[in-house]
Amino acid sequence: RAATSTAPPWSATRPTTKGWIPDALATGRLTLRTNALVRRIELDREGRASGVSFIDRVTKRDGAANAGIVVLACGAVESPRILLNSAGPRAENGVANSNDLVGRYLTGHLQLNMHGYLKALEGREPVNQDGATDHSLIPRFNHRRPSRGYVGGFFAQVMYETHDYPHHASRVPGFGQAFKSQVRALQPAMFQMGGMAKVLARRENRVTVDRSKADAHGIPIPVV
């Protein structure tokens, strides 16, 4: 059974997996389908989204889900991949892509990370602090400042990785029980800081699909 969050519905510390999904499941009106990889968005006779077709990555069987509203939220690469893979008679260049902008202006950020440990917290009992107010930001923007030879700005973040996962394990030497004990002891003491810089949005930076190459499930792969 999924653990639930005690934070109120309007709280920023209410994570989806421990708040919204359990609440929705409790209504009896949500079907949560896992291991379903969407191939394409299906369109009705008017060219509107009417559902999706998918493949179950465990059983390898095809399936479909019909809907009055389709919400696509698969990230900067997978969302354009699905839209472009949904090309057909009613969407020759892909769904919502009559202007050839789907997948274009792909941006990200340059990142440099630093990890360490706070000695005072080593060996303490771990707590679930995902979504808690443990995150801080140090901004640096160029607004109304003399040019320094670059466009945009940068910032530093502190404690931006969740403690639900042992990100530091790959940096801890050893193996066996002693290694596991050390990873557990350092878990509540893990500290991160990272610097991130802006990447400019350019039309030629884009996501496309290669219809001649497919993944293990027969879905054309994205090309970045």
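A residue counts as buried under 20% relative accessible area, as exposed over 50%, and as partly exposed in between. Asp100, at 23% relative accessibility, is therefore partly exposed. The model on the screen is a predicted one, and the tour below returns to Asp100 after a look at the whole.

**The whole chain**

Show the protein as a cartoon. It has three helices and nine strands. Followed from the N terminus, the elements run α-β-β-β-α-β-β-β-α-β-β-β. Now switch on the surface: about 15500 Å² is exposed, and carbon and sulfur atoms supply 56% of that area. Of the 224 residues, 26% are buried. Among contacts with a separation of 6 or more, 51% are between residues 24 or more positions apart.

**Stop 1: helix H1 and a surface patch**

Select residues 16-26, which form helix H1, and find Leu25 in it. Leu25 has a relative accessibility of 37%, so it counts as partly exposed. Add Leu30 and Leu32 to the selection: together with Leu25 they make a nonpolar surface patch of about 250 Å².

Next, pick Arg33, in the loop between H1 and strand E1 (36-43), and Asp56, in strand E2 (residues 49-56). Their side chains meet in a salt bridge, 3.3 Å from N to O. The two residues are 23 positions apart, and the pair links distant parts of the chain. Is Asp56 buried or exposed? Its relative accessibility is 9%, so Asp56 counts as buried.

**Stop 2: helix H2 and the largest core**

In soluble globular proteins, nonpolar side chains tend to be buried together. To see the case here, select Ile41, Val52, Ile82, Leu83, Leu84, Ala91, Val95, Val102 and Val209, the nine residues of the largest nonpolar core. Which helix gives the most to this core? Helix H2 (residues 75-85) does, with three residues.

Stay on H2 and colour its buried residues: Ser79, Pro80, Arg81, Ile82, Leu83, Leu84 and Asn85. The elements that cover them include E1, E8 and strand E9 (220-223).

Then centre on Val102, one of the core residues. Leaving out neighbours within four places in sequence, Val102 is in contact with Pro80, Leu83 and Leu84, with Val95, Ala96 and Asn97, and with Arg206 and Val207.

**Stop 3: a salt-bridge network**

Side chains of opposite charge can pair when their charged atoms come close. The structure holds eleven salt bridges. For one of them, select Arg203 and Asp100, where the closest N and O atoms are 3.9 Å apart. Arg203 lies in the loop between strand E7 (190-198) and strand E8 (208-214), and Asp100 in the loop between H2 and E4, so the pair ties together parts that are 103 residues apart in sequence. Arg203 has a relative accessible area of 35% and is partly exposed.

Now add Lys119 and Glu122, which form another salt bridge with closest N and O atoms 3.6 Å apart. Lys119 is exposed, at 68% relative accessibility, whereas Glu122 is partly exposed, at 31%. Elsewhere, salt bridges that share partners join Asp100, Arg104, Arg203 and Arg206 into one network.

From that network, pick Arg104, in the loop between H2 and E4. Arg104 counts as buried because its relative accessibility is 17%. Not counting neighbours within four places in sequence, it is in contact with Arg203, Asn205 and Arg206. A polar atom of the Arg104 side chain lies 3.3 Å from the backbone oxygen of Arg203.

**Stop 4: Gln111 on strand E4**

Move to strand E4 (residues 109-117) and select Gln111. Buried or partly exposed: which applies to Gln111? It is partly exposed, at 38% relative accessibility. The side chain of Gln111 is joined to that of Asn113 by a polar contact of 2.7 Å.

Which residues does Gln111 touch, not counting those up to four places away in sequence? They are Tyr160, Gly195 and Met196. To finish, draw a C-alpha to C-alpha distance from Gln111 to Lys198: it is 9.4 Å, although the two are 87 residues apart in sequence.

Note on methods: Residues are numbered from 1 along each chain as its sequence is written. This is a predicted model: local features need pLDDT of at least 70, side-chain atom pairs count only at pLDDT 80 or more; totals for chains, interfaces and linings use all residues. Side-chain values use heavy atoms; hydrogens and water are left out. Patches are made of residues with over 30% relative accessible area and no salt bridge: like charges are joined within 9 Å, nonpolar side chains (Val, Leu, Ile, Met, Phe, Trp, Tyr) within 5 Å. Accessible areas come from the Shrake-Rupley method with a 1.4 Å probe; for residues, only the protein chains shown count as cover. A salt bridge is a side-chain nitrogen of Lys or Arg within 4 Å of a carboxyl oxygen of Asp or Glu. Helices (H or I, at least four residues) and strands (E, at least two) are DSSP runs, numbered from the N terminus. Buried means under 20% relative accessible area, exposed over 50%, partly exposed in between (1.4 Å probe, protein chains only). A nonpolar core is a set of buried Ala, Val, Leu, Ile, Met, Phe, Trp, Tyr and Cys residues joined through side-chain atoms within 4.5 Å. Contact means heavy atoms within 4.5 Å. A polar contact is a pair of N or O atoms within 3.5 Å; within protein, one must be able to donate a hydrogen and the other to accept it, and residues adjacent in sequence count only if both atoms are side-chain atoms.
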